[in-house]
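This report describes selected structural features of a protein model with a ligand. Please consult the sequence and coordinates shown here alongside the text.

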Amino acid sequence: MAKKEIKTDVVENENHCLIKKSQILIGDGRKAFIRPLEVMDKTGLVSFYTSLSEVTQGFYVLDDYGEKTAVRLCESISNPKKLHFVIENDLSKIIAIMKFSLDLPEADRVRFTQYGVDLIPGTVSRCGLCIADDYQNVGLGAVALQQVIDTSDSLGLRVIMLSGGIFANNGRAIHLTQKFGFQIVGKFTDSNGQEHVDLLRFNR
Ligand SMILES: CC(C)(COP(=O)(O)OP(=O)(O)OC[C@H]1O[C@@H](n2cnc3c(N)ncnc32)[C@H](O)[C@@H]1OP(=O)(O)O)[C@@H](O)C(=O)NCCC(=O)NCCS
């Protein structure tokens with residue numbers, strides 16, 4: 001299991017002051033660092049997206065695994081509702097991206113209403129995680145989820161949503177999120193006929 005230790009409070013973007021830069025000790029001896037996404041991460045993010053295997057892309061579906069997505073994400077961080085963060089290795093290479101937002105798209109609100117869950121804008125955070133193939137299953141997902149939970153708790157938010165749900169066959173993501181208190185509240189089938197589960201974590 002990876003252990004997280006706070007190393008420094010240095011944060012370059014005041015919109016991301018809630019995400020503290022910190023070191024992660026991975027169980028296999030490797031070190032990693034969690035920090036806010038920055039505008040200058042565009043190139044690193046393109047390298048990250050283009051390195052993802054077909055299997056990982058199959059679980060983490062994007063319109064574009066390159067510059068378009070990287071630019072959009074990096075430029076979104078001027079929005080105070082975007083608290084995206086990355087994990088990098090000891091060579092400063094991005095090895096994970098956590099999309100973490102405080103807004104609630106209307107389509108999500110409507111979908112959850114159909115499950116009988118009324119989400120109130122301003123009380124919900126949303127997250128979506130992808131870890132580089134070489135770093136999966138060594139505890140980084142747990143560290144990243146804990147960061148989202150701690151930040152959401154400190155903001156007094158009531159609910160955390162897994163953005164876009166999780167593919168029903170993504171056993172690892174479902175196991176991990178349930179371990180952190182997320183509950184399946186509904187299911188839906190996308191336009192390609194693939195099944196997803198929608199999960200929420202109700203904060204204390
Ligand atoms: C899913 C993902 C985010 C999980 O992060 P991670 O760092 O690999 O996960 P961790 O190492 O923190 O934890 C994995 C847990 O799942 C378990 N696990 C691994 N494979 C599993 C499987 N096929 N079925 C069920 N559980 C599984 C592990 O044993 C571990 O649980 P434990 O701590 O109770 O032993 C990461 O693997 C990833 O980015 N995958 C590709 C993209 C993706 O699926 N994104 C999620 C979309 S929401």
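The sections below treat the ligand site, a strand hairpin, and contacts that involve aromatic rings.

## Basis of the model

The structure is a predicted model. Residue numbers start from 1 along each chain as its sequence is written.

## Ligand shell

The ligand is surrounded by 21 residues, and the closest are Ile131, Asn137, Gly141, Asn170 and Lys179. Several secondary-structure elements each supply at least two residues of this shell: helix 2 (54–59), strand 6 (124–131), helix 5 (140–154) and helix 6 (171–179). Of the contributors, helix 6 gives the most, with 6 residues.

## Polar contacts and coverage of the ligand

Ligand oxygen atoms have short distances to both backbone and side-chain atoms of the protein. On the backbone side, an N or O atom of isoleucine 131 lies 2.7 Å from an oxygen atom of the ligand. For glycine 141, a backbone N or O atom likewise lies 2.7 Å from an oxygen atom of the ligand. Lysine 179 takes part through its side chain, where an N or O atom is 2.6 Å from a ligand oxygen atom. On its own the ligand has 950 Å² of accessible area, and the protein covers 74% of that area.

## Hairpin of strands 2 and 3

Strand 2 (residues 22–25) and strand 3 (residues 31–36) run antiparallel and are joined by 4 bridges. Within this pairing, serine 22 has isoleucine 34 of strand 3 as its bridge partner.

The two strands, 2 and 3, form a hairpin with 5 residues between them. Glycine 29, located in the turn, has a positive phi of about 100 degrees.

## Aromatic pairs

A search of the whole structure yields 3 aromatic pairs. One of them is formed by phenylalanine 85 and phenylalanine 100, with an edge-to-face geometry: the centres are 6.4 Å apart and the planes are at 85 degrees. This pair links distant parts of the chain, since phenylalanine 85 belongs to strand 4 (residues 85–89) and phenylalanine 100 to strand 5 (residues 94–101), 15 residues apart. Both phenylalanine 85 and phenylalanine 100 are buried.

## Charged groups over rings

Two arginine residues place their charged ends over aromatic rings. The charged end of arginine 30 sits over the ring of tyrosine 135, at 4.2 Å from the ring centre. For arginine 111, the ring is that of phenylalanine 188, and the charged end is 4.7 Å from its centre.

Key
This is a predicted model: local features need pLDDT of at least 70, side-chain atom pairs count only at pLDDT 80 or more; totals for chains, interfaces and linings use all residues. Side-chain values use heavy atoms; hydrogens and water are left out. Two strands pair if DSSP finds at least two bridges between them. Rings of Phe, Tyr and Trp (its six-membered ring) pair if their centres lie within 6.5 Å; planes under 30 degrees apart count as stacked, over 60 as edge-to-face and the rest as tilted. Buried means under 20% relative accessible area, exposed over 50%, partly exposed in between (1.4 Å probe, protein chains only). A charge sits over a ring if NZ of Lys or CZ of Arg is within 6 Å of the ring centre and within 35 degrees of the ring normal. A residue is near a molecule or strand if one of its heavy atoms lies within 4 Å of it. A polar contact is a pair of N or O atoms within 3.5 Å; within protein, one must be able to donate a hydrogen and the other to accept it, and residues adjacent in sequence count only if both atoms are side-chain atoms. Accessible areas come from the Shrake-Rupley method with a 1.4 Å probe; for residues, only the protein chains shown count as cover.
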